[in-house]
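Trainee: Before we discuss particular contacts, I would like to go through this chain with you step by step. Could you show me the sequence and the structure, so that we can begin from there?

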Amino acid sequence: MIVAVFPTITVKDHTCFYVSFILIFEFNYSGELLATGDKGGRVVIFQHEQESKNRPHLRGEYNVYSTFQSHEPEFDYLKSLEIEEKINKIRWLPQQNAAHFLLSTNDKTIKLWKISERDKRAEGYNLKDEDGRLRDPFRITSLRVPVLMPMDLMVEASPRRIFANAHTYHINSISVNSDHETYLSADDLRINLWHLEITDRSFNIVDIKPANMEELTEVITAAECHPHQCNVFVYSSSKGTIRLCDMRAAALCDRHSKFFEEPEDPSSRSFFSEIISSISDVKFSHSGRYMMTRDYLSVKVWDLNMENRPVETYQVHEYLRSKLCSLYENDCIFDKFECCWNGSDSAIMTGSYNNFFRMFDRNTRRDITLEASRESSKPRATLKPRKVSTGGKRKKDEISVDSLDFNKKILHTAWHPKDNVIAVAATNNLYIFQDKIN
């Protein structure tokens with residue numbers, strides 16, 4: 001079984017830092033930082049606590065590193081539309097120097113932020129006093145050389161680029177390319193390619209908008225760049241299909257290189273088939289050999305060399321198939337769950353209802369269900385596996401399908417790129433778990 005299925009909480013519940021629901025979060029490439037974005041347009045960054053010999057249990061603890069307002073509410077006067085400040089996606093750029101860079105986006109505008117530290121300040125200016133006031137030039141009789149003096153550590157977040165006015169519809173994905181110079185942004189009908197240094201123009205590389213909007217049959221749900229090949233990217237659709245495109249073939253990738261779709265079983269077709277087949281997330285494996293997709297009821301792993309069917313299928317909450325009618329009535333059937341790989345691509349994780357999240361070991365095909373809740377979770381306490389009773393006599397410690405709380409849902413999960421440390425968000429609570437320490 002994967003190591004991380006026995007995690008312990010090693011961080012305090014940071015609800016006091018949020019004024020609205022957590023919408024997205026992501027570890028940076030080293031796993032040292034975890035950035036979260038919320039409904040109020042704010043980004044909160046947590047930093048990994050350095051492990052000490054005297055306190056080895058702090059290996060997975062994260063403390064607040066920086067907080068800043070990324071987006072503000074805006075108003076589109078031409079279309080009379082309010083643009084919310086909520087953060088849709090956050091993506092880290094690979095670290096090139098002492099500073100960190102990340103991209104954050106709301107529905108319309110993408111911003112590049114620089115996160116830097118300052119622990120020294122210059123003192124001894126010629127024209128200014130220490131408090132910043134200008135000195136009388138006639139009283140300056142000698143030349144002073146400013147010196148750097150130590151100060152309390154200050155973390156500064158400054159916007160370096162603003163990429164705007166390129167999307168008519170709501171942005172649902174951003175993905176940094178492996179060349180570290182370009183990135184993709186996708187909305188319901190278009191995908192744009194940006195250069196990180198150029199803000200006034202982008203290249204439209206996918207456009208599925210029909211000439212007559214009444215003929216619209218599908219929309220783009222997610223897009224991601226290949227982790228190693230800067231010319232390759234994939235995007236998923238509401239029809240449950242995935243298209244792999246090669247930017248070397250043409251400037252406009254209206255023709256895909258590969259088309260991934262699983263044939264539908266006619267015997268299981270129902271009124272909800274098209275809705276539950278819509279793909280809400282697509283992620284390449286770290287190796288670049290596989291990709292993972294999440295639809296409403298399952299997670300599928302695809303080999304990039306085999307287009308006709310997935311090589312692995314994991315049922316997340318198959319017991320909800322009998323509840324699709326009520327889930328349709330309360331709009332839960334349109335929830336967009338995300339998924340993630342662990343650092344070695346040997347395990348995957350995704351969320352469910354009742355604050356449950358599921359983990360699957362690809363080697364042993366074993367799985368486990370865990371719950372993130374303040375009532376059942378205490379610092380350094382082992383989480384117990386949870387089971388859902390699908391009918392008949394309910395065993396001890398099992399929970400009935402009818403008693404699941406569909407208002408409590410884990411849509412977003414993240415896995416540390418190197419260690420068995422995971423993060424899950426349940427409404428306005430952020431939980432960080434690590435594997436058990438003996």
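Mentor: A residue is called buried when its relative accessible area is under 20%, exposed when that area is over 50%, and partly exposed in between. Please keep in mind throughout that this is a predicted model.

Trainee: With those limits, is R248 buried or exposed?

Mentor: R248 forms a salt bridge with D246, and the closest N and O atoms of the pair are 2.8 Å apart. The partner D246 has a relative accessibility of 14%, so D246 counts as buried. R248, in contrast, reaches 65% relative accessibility, and therefore R248 counts as exposed.

Trainee: How many salt bridges does a search of the whole structure find, and which residue does E26 pair with?

Mentor: The search finds 21 salt bridges, and one of them joins E26 to a partner with the closest N and O atoms 2.6 Å apart. This pair links distant parts of the chain, 65 residues apart, with E26 in strand β2 (residues 22–27) and the partner in strand β8 (residues 89–92). E26 counts as buried because its relative accessibility is 18%, and the partner, at 14%, counts as buried as well. The residue that E26 pairs with is R91.

Trainee: Which residues does V176 touch, leaving out those up to four places away in sequence?

Mentor: V176 has its place in strand β12 (residues 173–176), and its relative accessibility of 13% is under 20%, so V176 counts as buried. Contact here means heavy atoms within 4.5 Å. On that basis the residues that V176 touches are R91, W92, L93, L103, T182, Y183 and C225.

Trainee: Which residues are linked with K300 in a network of salt bridges?

Mentor: K300 is found in strand β22 (residues 298–303), and it is buried because its relative accessible area is 12%. Its side chain has a polar contact of 2.7 Å with that of D295 and another of 3.4 Å with that of S298. Among the residues that K300 touches, not counting those up to four places away in sequence, are E262, M291 and P310. The residues linked with K300 in the network of salt bridges are E262 and D295.

Trainee: Which members of the largest nonpolar core touch the most other members?

Mentor: In soluble globular proteins, nonpolar side chains tend to be buried together. The largest nonpolar core has 19 residues, and L320, leaving aside neighbours within four places in sequence, is in contact with L297, L327, Y353, L404 and F406. Apart from this core lies another, of 16 residues, which includes L370, L383, Y431 and F433. In the largest core, the members that touch the most others are Y296, L320, L327 and L404.

Trainee: Which residues form a nonpolar patch on the surface together with F271?

Mentor: F271 lies in the loop between β19 (258–260) and α1 (273–277), and it is exposed because its relative accessible area is 59%. The patch has about 330 Å² of accessible area together. The residues that form it with F271 are Y328 and F334.

Trainee: What value does phi of R365 lie near?

Mentor: R365 is found in the loop between β26 (356–361) and β27 (367–371), and at 48% relative accessibility it counts as partly exposed. Its phi is positive, in a residue other than glycine, and lies near 60 degrees.

Methods:
Residues numbered from 1 in each chain as written. Predicted model: local features only at pLDDT ≥ 70, side-chain atom pairs only at ≥ 80, totals over all residues. Heavy atoms only, no water. Patch = residues over 30% accessible without salt bridge, like charges linked within 9 Å, V, L, I, M, F, W, Y side chains within 5 Å. Areas by Shrake-Rupley, 256 points an atom, 1.4 Å probe, with all protein chains shown as cover. Salt bridge = Lys/Arg side-chain N within 4 Å of Asp/Glu carboxyl O. Helix = DSSP H or I, 4+ residues; strand = E, 2+ residues; numbered from the N terminus. Buried < 20%, exposed > 50% of the residue type's maximum accessible area, 1.4 Å probe, protein only. Core = buried A, V, L, I, M, F, W, Y, C linked by side-chain atoms within 4.5 Å. Polar contact = N/O pair within 3.5 Å; in protein donor to acceptor, adjacent residues only side chain to side chain.
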